[in-house]
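The following exercises ask the reader to work through one structure, with a solution after each task. Please examine the sequence and the model before reading the solutions.

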Amino acid sequence: MIWAKEETLSREEIEAIQLEKLKKVVSTVYEKVAPYRAKMDEAGIKPEDVKSLNDLKRLPFTTKQDMRDNYPFGLFAVDKSQLARIHASSGTTGKPTVVGYTKKDLETWAECVARLAVAGGAESSDVCQICFGYGMFTGALGLHNGLERIGACIIPSSTGNTEKQIMYMKDYGTTLLVATPSYALRIGEVATQMGLNPKTDLKLKTALVGSELLTEAMRDEMHKLYGDNLTITQNYGMSELIGPGVSGECTELCGMHINEDHFLAEIIDPETGEVLPAGEKGELVVTCLSKEALPLIRYRTRDITRLMYEPCKCGRTTARMENLSGRTDDMLKIRGVNVFPSQIEEVLLKTEEIGPHYEIIVDRKNHSDILTIRVELAPDKMTDDYAELERIRLKLKSALRVMLGLDAVIQLESPNTLKRFEGKAKRVTDNRKGQN
Ligand SMILES: [Zn+2]
């Protein structure tokens, strides 16, 4: 099923909508948002200079730093009295990033999520358990309102108390799970420990995952736990742009469809800022075309992907972004080599002797970086046999050397030793600051 006619327009029709909205939003920010006006004046571009989508590249970028510099409401284009909701990012360092919505923005948001939820396998008959933390984080209420819009039933169970989550799932007949991939795995693991078989004792048919990267290895791990019949799709967004609702996978699993009538996507070279030709891989930059409260222009997402414009087998014609292989923010530089945690995850999850949970630690000793990876033995591979443990350690070490071009220290732990996460997993600890 396809939720909205905007998902099946021709390229010409989509681009006509985008251009009309782009002109409008650029005029609005120039008139109402002083920092945008200053940046555009500096770049020597006026709203009336935007005559085609090609002129987009002349507009200045917006970065996370701009949001910090104008904290809290400096980039808002409406008066505070027009706001209907405020959300904020977790803000692990310094002030959080504040985002606002007018009543119409909340409508747009619910519509965007509704489309992606339906594309990802959700149906009006679904009983949806939302295991995202409710609160300032946009994930929970974003999925909540989108799924409600399609007529599904919502269980707003939030995170925590995993055994109770499983009780709700079993007793209320949850068919659709919303969670981070790591929490979805945790739920399945705890269900197994409770003596349940997630494949047969739960009624799950769809998982809409988000808020952290879903690698194919992680998707395979979820299928192992919940069975191959579970439809697992991921969706993408960020609070700065709207929250969830920017793009999402359809059940064909060939990239994430972008809600192009609301979000205009470009790919740039992250070093030079130049727009790259269609199909090339680079940093995703997004312009919010429909937002009233916080319409960001050319927001640099720091996410690396490429765009695909061929129509999809599902019938949608909207451009798709390739599933992310890593965020530039997550990249570690170890002994001069660029390392994405997702590359390490791929190796770990392909190794049958170990479980899906891991921790990456980077230290600096004697001016050299040391990469340590802690992993758990799979419960059925538990052994005291030193030779066998050494074999597993060397196998992992050599697979990681092939993937990364680096040597890592491998620490094998007993099952259920490493920390589990209910929200976004924090698997990397970089201790290098202050070490030498
Ligand atoms: Zn599709």
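**Exercise 1. Determine how many disulfides the model contains, and examine C128 and C254 as test cases**.

Solution. The model is predicted, and the criterion to apply is that a disulfide is a pair of cysteine sulfur atoms within 2.5 Å.
- Step 1. Applying this criterion gives a count of zero disulfides.
- Step 2. For C128, the closest cysteine sulfur belongs to C153 and lies 7.4 Å away, which is too far for a bond.
- Step 3. For C254, the nearest cysteine sulfur is that of C312, at 3.5 Å, and C254 is in no disulfide.
- Step 4. The surroundings of the two cysteines can then be classified, with buried meaning under 20% relative accessible area and exposed over 50%. C128 has a relative accessible area of 0% and is therefore buried. C254, at 27% relative accessibility, counts as partly exposed.

**Exercise 2. Identify the residues that coordinate the zinc ion, and explain why their arrangement is called tetrahedral**.

Solution.
- Step 1. The coordinating atoms are SG of C250, NE2 of H257, SG of C312 and SG of C314. Their distances to the zinc ion are 2.1 to 2.3 Å.
- Step 2. Along the sequence, the spacing of these donor residues is C-x6-H-x54-C-x1-C.
- Step 3. Four donors count as tetrahedral if all angles lie between 85 and 135 degrees. Here the four donor atoms subtend angles of 103 to 116° around the zinc ion, so the arrangement is tetrahedral.
- Step 4. One of the donors, C312, has a relative accessibility of 7% and therefore counts as buried. C312 is also the residue whose sulfur is the nearest cysteine sulfur to that of C254.

**Exercise 3. Describe the neighbours of strand β7, and state why this strand is largely enclosed**.

Solution.
- Step 1. Strand β7 covers residues 231-238. Six of its eight residues are buried, so the rest of the structure largely encloses it.
- Step 2. On one pairing, strand β6 (residues 206-209) runs parallel to β7, with four bridges between them. Within this pairing, A207 has I232 of β7 as its bridge partner.
- Step 3. Helix α8 (residues 216-226) joins the description here: β6, α8 and β7 make a right-handed β-α-β unit.
- Step 4. Strand β8 (residues 243-249) also pairs with β7, through four bridges, and the two run antiparallel. In this pairing N235 stands opposite G248 of β8.
- Step 5. A hairpin of four residues links β7 to β8. S239 is found in the loop between these strands, and its relative accessibility of 10% means that it counts as buried. The side chain of S239 makes a polar contact of 3.3 Å with the side chain of E240.

**Exercise 4. Find the partners of strand β11, and state how many of its residues are buried**.

Solution.
- Step 1. Strand β11 spans residues 282-288 and is mostly covered, with seven of its seven residues buried.
- Step 2. Six bridges connect strand β10 (residues 263-268) with β11, and the two strands run antiparallel. One point of reference is L264, which stands opposite T287 in β11.
- Step 3. Strand β12 (residues 299-305) is likewise antiparallel to β11, and four bridges join them. Here G282 stands opposite T305 in β12.

**Exercise 5. Locate the backbone features at P72, N366 and N416, and classify the two asparagines by accessibility**.

Solution.
- Step 1. The peptide bond between Y71 and P72 is cis, with omega about -5°. P72 belongs to the loop between α3 (64-69) and β1 (85-88).
- Step 2. N366 has a phi near 50°, a positive value in a residue other than glycine. The loop between β17 (354-365) and β18 (368-377) holds N366. With 71% relative accessibility, N366 counts as exposed.
- Step 3. N416 has a phi near 65°, again a positive value in a residue other than glycine. N416 lies in the loop between β19 (409-413) and β20 (428-430). Its relative accessible area of 45% makes N416 partly exposed.

Notes: Residues numbered from 1 in each chain as written. Predicted model: local features only at pLDDT ≥ 70, side-chain atom pairs only at ≥ 80, totals over all residues. Heavy atoms only, no water. Donors = N, O, S within 2.8 Å, 3.2 Å for Na, K, Ca; no water. Tetrahedral: all angles 85-135°; square planar, octahedral: opposite > 155°, others 65-115°. Buried < 20%, exposed > 50% of the residue type's maximum accessible area, 1.4 Å probe, protein only. Pairing = 2+ DSSP bridges. Right-handed = clockwise from strand over helix to strand, strands pointing away. Polar contact = N/O pair within 3.5 Å; in protein donor to acceptor, adjacent residues only side chain to side chain.
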